[in-house]
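Here is a friendly set of notes to read alongside the structure. Take them in order, with the view open beside you.

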Amino acid sequence: MPSPALVPLPADVSPTDAAGLRLTGAATVSGDPGAVAALRELVRLRTGLDLQPAPDGGTIALTVTGTGAAESYRLDADAAGIRIDGADAAGLFYGVQTVGQLIVGDADGWTVPAVAIDDAPRFGYRGVMLDVARHFHPVETVTAYIDRAASLKFNHLHLHLSDDQGWRIELRSRPELAARASGSGVGGGPGGFYTREDYRAIVAHAAAHHMTVVPEIDMPGHTHAVGLAYPALAADPVRDAAPDGELPRAGEPYTGIGVGFSSLHPADAAVHAFATDVFTELADLTPGPYLHFGGDEALGTDRAEYAAFVARVSGLIAGLGKTPIAWHEAGAAADLAPGTIGQYWSFVTPAADAADHARAFVAKGGRLILSPADAVYLDMKPSDDFPLGLTWAGGATSVERAYRWEPTDVVDGVAEGDILGVEAPLWSETVRSLDDIDALAFPRIAAAAEAAWSPATGTREERTWESFRARVGTLGPLWTTLGIRFPGSPEIAWTS
Ligand code: TNX
């Protein structure tokens, strides 16, 4: 019996020769109310069938057992029915997502093959990042991306909420940010921001899909927009990295895609008061354990002042009871708060100081989130002729390149236990809509999901590019019914 095609590959799949379940409108579903609702919705979208809820003993029985590894589940399917036992609500939710991928249609209707699956994630942090600063994306786009990511068993949504081009969240303590620094984006345009209620709605939608929101306010660089609201806090633009050659002007919106020219005055008391207000309010709005403070590409900031600044901000966040996260450059700061998480964004083969900076987080009791840009930066073009995306991370990133890397092989001296997880960022310089998001993210987001969830490469027969390529090709019909406008990547043989 061939294994059913699942992405991310489960820890253990045992197909059996027995007949599978014929799924009809007569099937019933019972158990945990949240999981019952999620399964009914998924089956309705995929098949049009309206499964009837039953008090107990349904054809499909969904249970939270309260024992076993976090986020794990056991799934047994045969001709009589399907039983899913989740260790916790998240594990049960992931079992339901697996059912969504198991359903196959033919001329006679819908079937779930007979199978036994024991599944648990490799990493506890499985993230996607959406840049809502370069182009603002409304709440309904963010919630749609949450739905997509959760279906692939991602459990963190990192929101890049501020950058040179705009500030995207309303804060009571600093009202000028939303009022004066949010009205534009790359290429001009209307910009936008989330009200506190919008942000809470995103957090709630994420939580309902077992995802934790990780908000990022990037500093001391990537802060040109702060100067539109609070001119005294921002240094004059110092370095022209804009491809069109135009140096941004202090106090005027920046609509280009250059990086590295902006900085807050890192040693000013007024800047520290600003950072305190911003992260205190963000901590208050955010139930999750992490606050990300950026720290990347502060090319115009004095090195010693940069180190003192990121150390201070990491301590501020730790003092608020949250775990700080920073891009790996912040590893250069000797006094970073112990336990700060580093987000590695160099290549699969580290460039320059990146590996040293990454190891510095581990040396201080922190762990790493791996986002190697030449593998999992979803904003890279998938092929040279693709209309959207960038190419700086070693040229176009094929699906194969997105798949073929192993987390423990990236930074020497960093072991499995030093890795908190894997995150696939989507920067939005060229991304204006949900269609653009789908076009760049899919199908490579599924490769990132497998790096984050599935057993290490080389430990399972099916944990290979050849297997992945075949498995992901079968998800086309499911993705289509979920409304995902994925491009027909020529590297994949799609099932129609
Ligand atoms: C680098 S990755 C950046 C972003 C850009 C991205 C474009 C990182 C920490 N900084 O500012 O949007 O490249 O791919």
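1. Start with the division into domains. The domain assignment splits the protein into domain 1, residues 12–119, and domain 2, residues 125–481. Please keep in mind throughout that this is a predicted model. The C-alpha centres of domain 1 and domain 2 are 34 Å apart. In the contact between them, domain 1 takes part with 14 residues and domain 2 also with 14 residues.

2. Next, the area of that contact. The size of an interface is often given as the accessible area lost when the parts come together. For domain 1 and domain 2, the buried area is about 1300 Å². Carbon and sulfur atoms account for 57% of this area.

3. Now for the polar side of the interface. How many salt bridges are counted between domain 1 and domain 2? The count is one. You can find a salt bridge between the side chains of E71 and R126, with an N to O distance of 2.9 Å. Five residue pairs are in polar contact between domain 1 and domain 2, counting pairs in which both residues have pLDDT of 80 or more.

4. Which elements give two or more residues to the side of domain 1 that touches domain 2? They are α1 (33–47) and α2 (89–102). The largest share comes from α2, with eight residues. Sorted by class, this side of domain 1 has seven nonpolar residues, four polar ones and three charged ones.

5. Turn now to the ligand, which is surrounded by 14 residues. The closest are R134, Y377, D379, W392 and E429. Two of these are worth a look for their polar atoms. In R134, a side-chain N or O atom is 2.7 Å from an oxygen atom of the ligand. In W392, a polar side-chain atom lies 2.8 Å from an oxygen atom of the ligand. With E297, the partner is a nitrogen atom of the ligand, 3.2 Å from a polar atom of the E297 side chain.

6. A few backbone details deserve a visit too. Is the peptide bond from V7 to P8 cis or trans? It is cis, and its omega is near -5°. P8 sits in the segment before β1 (12–15). The peptide bond from M219 to P220 is cis as well, with omega near 5°. You will find P220 in the loop between β15 (212–216) and α6 (226–229).

7. One last stop is K153. This residue is not a glycine, yet its phi is positive, near 70°. To locate K153, follow the chain to the loop between α3 (139–151) and β12 (156–160).

Methods: Residues are numbered from 1 along each chain as its sequence is written. Side-chain values use heavy atoms; hydrogens and water are left out. Domain bounds come from an automatic or database domain assignment. Contact means heavy atoms within 4.5 Å. Buried area is the accessible area (1.4 Å probe) that two parts lose on being put together, summed over both. A salt bridge is a side-chain nitrogen of Lys or Arg within 4 Å of a carboxyl oxygen of Asp or Glu. A polar contact is a pair of N or O atoms within 3.5 Å; within protein, one must be able to donate a hydrogen and the other to accept it, and residues adjacent in sequence count only if both atoms are side-chain atoms. Helices (H or I, at least four residues) and strands (E, at least two) are DSSP runs, numbered from the N terminus. Ala, Val, Leu, Ile, Met, Phe, Trp, Tyr, Cys and Pro count as nonpolar, Asp, Glu, Lys and Arg as charged, and the others, Gly among them, as polar. A residue is near a molecule or strand if one of its heavy atoms lies within 4 Å of it.
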